[in-house]
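Work through the exercises below with the sequence and the 3D view side by side. Try each task on your own before you read its solution.

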Amino acid sequence: EDGYELWLRYHPLAAQQAQYDRSRASQLVADAATPTRAAARAELLRGLRGLLGAAPPLSDTVTRSGAIIAGTTASSPLIAELHLDTSKLGKEGYVIRSVTLHGHAAIAIVGNDDIGVLYGSFHFLRLLQTGQPLDHLAITEVPRVKLRVLDHWDNLNGSVERGYAGTSIWDWWKLPDWVSPRYTDYARANASIGINGVVLNNVNADALILTPAYLQKAAALAAVFRPYGIHVYLSVRFSAPIEIGGLKTADPLDPEVQRWWRQKTDEIYKLMPDFGGFLVKANSEGQPGPQDYKRTHADGANLFADVLAPHGGVVMWRAFVYSQSSADDRAKQAYSEFKPLDGRFHANVLLQVKNGPIDFQPREPFSPLFGAMPKTPLMMEFQITKEYLGFATHLVYLGPLYEEVLSSDTMAQGKGSTVATVIDGSLDGHALSGMAGIANIGTDRDWCGSDFNQANWYVFGRLAWNPALSTRAIAEEWIRMTFSNDEAFVKPVVDMMMGSREAAVDYMTPLGLAHLMGPGHHYGPAPWDTSLPRADWRPPYYHRADHQGIGFDRTRTGSDAADQYAPPIAASFNDVKQTPETLLLWFHHVPWDYRMRSGHTLWYELVAHYTQGVTDVKRMRETWQHLDGYIDADRYRKTAAFLSIQEREAQWWRDACIAYFQQMSGLPLPPGFAPPQHPLSYYESLSFHNVPGQSSW
Ligand code: BDP
């Protein structure tokens, strides 16, 4: 077991369950007349064969009780006979229904469109995989978010920015001639959780992706993905007209530039008629953009919007900007830049906003842009790869992080204006909506660098489909599909996963701290580091610790970032007593002896949280030790080894941070807490190489 099969393992079910399921999946009535329906039928056959020991026989009609019928009303006269109401399913929705056909009990999997049939087939298999009853089924599913996209930060040389699972799965050297079967497995995995878009290349984009040779390669991937309902998107470099087009400018208002992009876009759609559109990182961290020509981000985005619109494509324009020259708090800059542009973007532009105002930290408040731009569809950008959360090895289930952000109330239009309602378009009535996740996928056999990292790909897809789902329920479902249905295994592992994110917050950046990671690689603690050239790339910029206290004053007496939120939220963030303690040092600079709600001082609580993080990881390891024998030895041992790495590194984080902050505070360790294992100078002396393909900050 090397993890390659992901959550689509389809290993034999326990005998009793298999027997029950067999009688309800005794025959398969499904045609393969289109590539998507063929994929659905193949998946049902493959899944049922694996789970039940043998695939049910195929039939043209229902002849026995327990038939499974999959298709659309238009494709199947049998399904048409059912007169199901599919009017609210849209293109991607489906129903799974217990029905009677020709006197036989059957289960119908029905979509309006083929892709709904495929999604429904995966859902049906999930019912078996997770041991659900198959009687009285009345499931209706419609995705709440329209664009459910994985962003690959893959470079054309094969490296992956912030990738910890090997190199890029796109084998650009061999494409388009050699199309690895792995691409199909990738598409299956995505379709199984409803992901319908893939950005192939890094946002720090290489203009070469738009040359004919690379477009051919992209088109070969698009052809593999098409039956699975997945559209290809590309990250484009704003200056491409200069770099590969021979123009002197990339000014978005220049007619030559506009013509160049129109022709390039037409060329792309000839190769990929279902191409999704462009993702653009502009005027951010050194990338070119419209401001190089004194134009706005809206001018830049609209350039692409106009050439994509005739083809039905969209622009995903990133809001991740913070200027080299601005002295303003980095956390404020995206809002300052984009809020005034609300209403200035053309209809097919989505603004892609990272979940927090800085950069994928273990914990941040939600970005103040959510709720602040009602005239613009805002797309969520989550990071699935764990750039700031322990790379491949640390077991950190990101479900709770995503859920915390999605369920945050922006109060933009009164109570209940959650981030989820902003990004699914319902709060402001946008038909266009989207959620993107930075992929954690690479050439490692297990795809994601660890078995548990697969859960983060999985939970992202499930939440993009429905941001209101419980991430605990998703964790349970994933465990059952990936490992085992044995309750004695499932229960402790769900608890371990659900607690893992808070553990990481505690041993890395508790109480609202952020960005204490080592420079460039972001591996391990370096709260002391000032080696990078920009102030806002240095940890001390974020923690602001000195002899008196610690934390970033973002209230009215400081940078006033708190006032970027809707008034009731701003009021609580401005008030040290009302700010949740989980975000205390994000918004406030407080003295070391500040009294926390527990009655202890801040210094005490800081040490206690760091210590708690290590204790929690120890407990995770113990939990795992008790689970030996419930799953295969291969995956058991790998997770065990990774947990021991995590425990050691949690200790390293704790000790290094406590040693450093103690030097700042000058205070003795509170009684009962162990001193760091080494002096501060030891932690400061550790250094690491950056991984190839990374940005250097
Ligand atoms: C940061 C990463 C950097 C990315 C950048 C981005 O450190 O590698 O290029 O975000 O999102 O998280 O553009």
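The exercises that follow go from the annotated domains to single residues.

This is a predicted model, in which local features need pLDDT of at least 70 and side-chain atom pairs count only at pLDDT 80 or more, while totals for chains, interfaces and linings use all residues. Residues are numbered from 1 along each chain as its sequence is written.

**Exercise 1. Find the domains recorded in UniProt, and state the helix and strand content of each span.**

Step one: the unreviewed UniProt entry places "Alpha glucuronidase N-terminal" at residues 6-124, and this span is 37% helix and 22% strand, with its end C-alpha atoms 17 Å apart. Helices (H or I, at least four residues) and strands (E, at least two) are DSSP runs, numbered from the N terminus.

Step two: "Glycosyl hydrolase family 67 catalytic" is annotated by the same kind of record, an unreviewed UniProt entry, at residues 128-447; here the chain is 26% helix and 13% strand, and 24 Å separate the end C-alpha atoms.

Step three: for residues 448-672 UniProt gives "Glycosyl hydrolase family 67 C-terminal", again in an unreviewed entry, and the span is 53% helix and 2% strand, with 39 Å between its end C-alpha atoms. UniProt positions are given in the numbering used here, feature names are shortened, and annotations may be inferred rather than shown by experiment.

**Exercise 2. Into which domains is the protein chain divided?**

The chain is split into domain 1 (15-141), domain 2 (147-467) and domain 3 (505-552 + 589-685), with bounds that come from an automatic or database domain assignment. Between the C-alpha centres of domain 1 and domain 3 the distance is 50 Å.

**Exercise 3. Describe the largest nonpolar core, and list what Val-315 touches.**

Step one: a nonpolar core is a set of buried Ala, Val, Leu, Ile, Met, Phe, Trp, Tyr and Cys residues joined through C-beta atoms within 7 Å. A residue is buried if 20 or more other C-beta atoms lie within 10 Å of its own, exposed if 12 or fewer, and partly exposed in between, with C-beta atoms placed from the backbone.

Step two: the largest such core holds 217 residues, and Val-315 and Met-379 have the most contacts inside it. Helix H20 (residues 633-665) contributes the most to this core, namely eleven residues.

Step three: leaving out residues up to four places away in sequence, the contacts of Val-315 (C-beta atoms, placed from the backbone, within 7 Å) include Gly-277, Phe-278, Ala-301, Phe-304 and Asn-348.

**Exercise 4. Compare the settings of two residues with positive phi, Leu-6 and Arg-544: is each buried or partly exposed?**

Step one: Leu-6, in the segment before helix H1 (15-24), has a positive phi of about 55° although it is not a glycine. Leu-6 counts as buried because 22 other C-beta atoms lie within 10 Å.

Step two: Arg-544, in the loop between helix H16 (539-543) and strand S14 (549-550), has a positive phi near 55° and is likewise not a glycine. Arg-544 has 16 other C-beta atoms within 10 Å, so it is partly exposed.

**Exercise 5. Which peptide bond is cis, and where does its proline lie?**

The bond from Leu-175 to Pro-176 is cis, with omega near 0°. Pro-176 belongs to the loop between strand S6 (147-151) and helix H5 (181-192).

Notes
Two residues are in contact if their C-beta atoms, placed from the backbone, lie within 7 Å.
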